[in-house]
Amino acid sequence: VLDDATREDKSRGFYALAEWRFTLGFAAFLRYGVANAAVNRASSNTAIGAVAHGLIPGRPDDELALGVSRQGNGENFRRAAEAEGGSVLKYEDAYELTYNAVLKNYLSVQPDLQYVVHPGGDPALGNAFVAAVRVTASFGN
């Protein structure tokens with residue numbers, strides 16, 4: 001049997017997703033995951049959100065989504081930061097709004113807006129506004 005000082009921790013975790021589909025192209029989801037806090041910065045993540053399909057007439061494949069998530073920073077990660085004179089908060093929260101526009105059956109463009117409270121759990125950082133665009137192109141069959 002190895003003691004804690006010589007034991008090699010493994011990264012492991014659990015992830016679950018529940019989704020509810022309603023009529024009129026509306027769905028909601030709840031996601032939860034945990035990871036080994038001894039070796040991972042993020043020890044947990046909880047997210048909840050909603051997706052609406054086809055809100056614009058003639059665009060049935062487009063999706064509008066809104067989500068909220070909370071990432072838990074692992075205790076070992078927080079302790080390591082404190083040992084180096086820093087500080088890490090227990091959580092980072094994010095709010096996200098995205099729209100996936102399906103332009104062709106092989107091409108979509110998805111602008112994404114996020115507002116992150118306590119990025120990385122660093123109390124010295126201000127909250128962050130993040131904007132991105134994802135382009136998805138399929139080639140072949």
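Trainee: How do you know that strand β4 and strand β5 pair, and in which sense do they run?

Mentor: Two strands pair if DSSP finds at least two bridges between them. Strand β4 (residues 63–73) and strand β5 (residues 91–104) have 10 bridges, so they count as paired, in the antiparallel sense. One of the matches puts Leu64 across from Tyr99 in β5. A word on the model: it is predicted, so local features need pLDDT of at least 70 and side-chain atom pairs pLDDT 80 or more, while totals for chains, interfaces and linings use all residues. Residues are numbered from 1 along each chain as its sequence is written, and side-chain values use heavy atoms, with hydrogens and water left out.

Trainee: What makes β5 a "strand" in this model?

Mentor: The name comes from DSSP: a strand is an E run of at least two residues, a helix is an H or I run of at least four, and both are numbered from the N terminus. β5 covers residues 91–104, so it passes that bar.

Trainee: What makes β5 and strand β6 (residues 107–117) partners as well?

Mentor: Their 9 bridges, in the antiparallel sense. Ala94, for example, has Val116 in β6 as its bridge partner. β5 and β6 also form a hairpin, with 2 residues between them.

Trainee: Where is there another hairpin, and how many bridges hold its strands together?

Mentor: Look at β1 and β2, with 3 residues between the strands; in that hairpin Leu24 takes a positive phi near 65°. Here 10 bridges join strand β1 (residues 13–22) to β2, again antiparallel. Ala16 stands opposite Tyr32 in β2.

Trainee: And what links β3 to β4?

Mentor: They pair in the antiparallel sense over 11 bridges, with Gly49 opposite Gly67 in β4.

Trainee: What is the strand order of the sheet, and which strands are called edge strands?

Mentor: It's an open sheet of 7 strands in the order β1-β2-β3-β4-β5-β6-β7, with antiparallel pairing. β1 and β7 (128–137) are the edges, since each pairs on one side only. On average, neighbouring strands are turned by 15° against each other, direction ignored; such angles run from 0 to 180 degrees between N-to-C directions of lines fitted to C-alpha atoms, for helices over the stretch in contact.

Trainee: Why is Asn36 called buried?

Mentor: Buried means under 20% relative accessible area, exposed means over 50%, and partly exposed is in between (1.4 Å probe, protein chains only). Asn36 comes out at 15%, so it counts as buried. You'll find Asn36 in the loop between β2 (26–35) and β3 (42–53).

Trainee: Which residues does Asn36 touch?

Mentor: Contact means heavy atoms within 4.5 Å. Leaving out residues up to four places away in sequence, Asn36 touches Asp9, Lys10 and Arg12.

Trainee: What makes Asn127 and Tyr115 a polar contact?

Mentor: The test is a pair of N or O atoms within 3.5 Å; within protein, one must be able to donate a hydrogen and the other to accept it, and residues adjacent in sequence count only if both atoms are side-chain atoms. The side chains of Asn127 and Tyr115 meet at 3.1 Å, so the distance fits. A polar side-chain atom of Asn127 also lies 3.1 Å from the backbone nitrogen of His118. Asn127 sits in the loop between β6 and β7, and at 39% it is partly exposed.

Trainee: Why do Arg79 and Glu75 count as a salt bridge?

Mentor: The rule wants a side-chain nitrogen of Lys or Arg within 4 Å of a carboxyl oxygen of Asp or Glu. Their closest N and O atoms are 2.1 Å apart, so they qualify. Both lie in helix α1 (residues 75–83), 4 residues apart, about one turn of the helix. Arg79 is partly exposed at 49%, and so is Glu75 at 39%.

Trainee: How many salt bridges are there in the structure?

Mentor: It holds 4. Among them are Arg59 with Asp62 (2.5 Å, N to O) and Glu19 with Arg21 (2.8 Å, N to O).

Trainee: Are Asp62 and Arg21 buried or exposed?

Mentor: Asp62 has 2%, so it is buried, whereas Arg21 has 62% and is therefore exposed. Their partners are in between: Arg59 has 27% and Glu19 has 42%, so Glu19 is called partly exposed.
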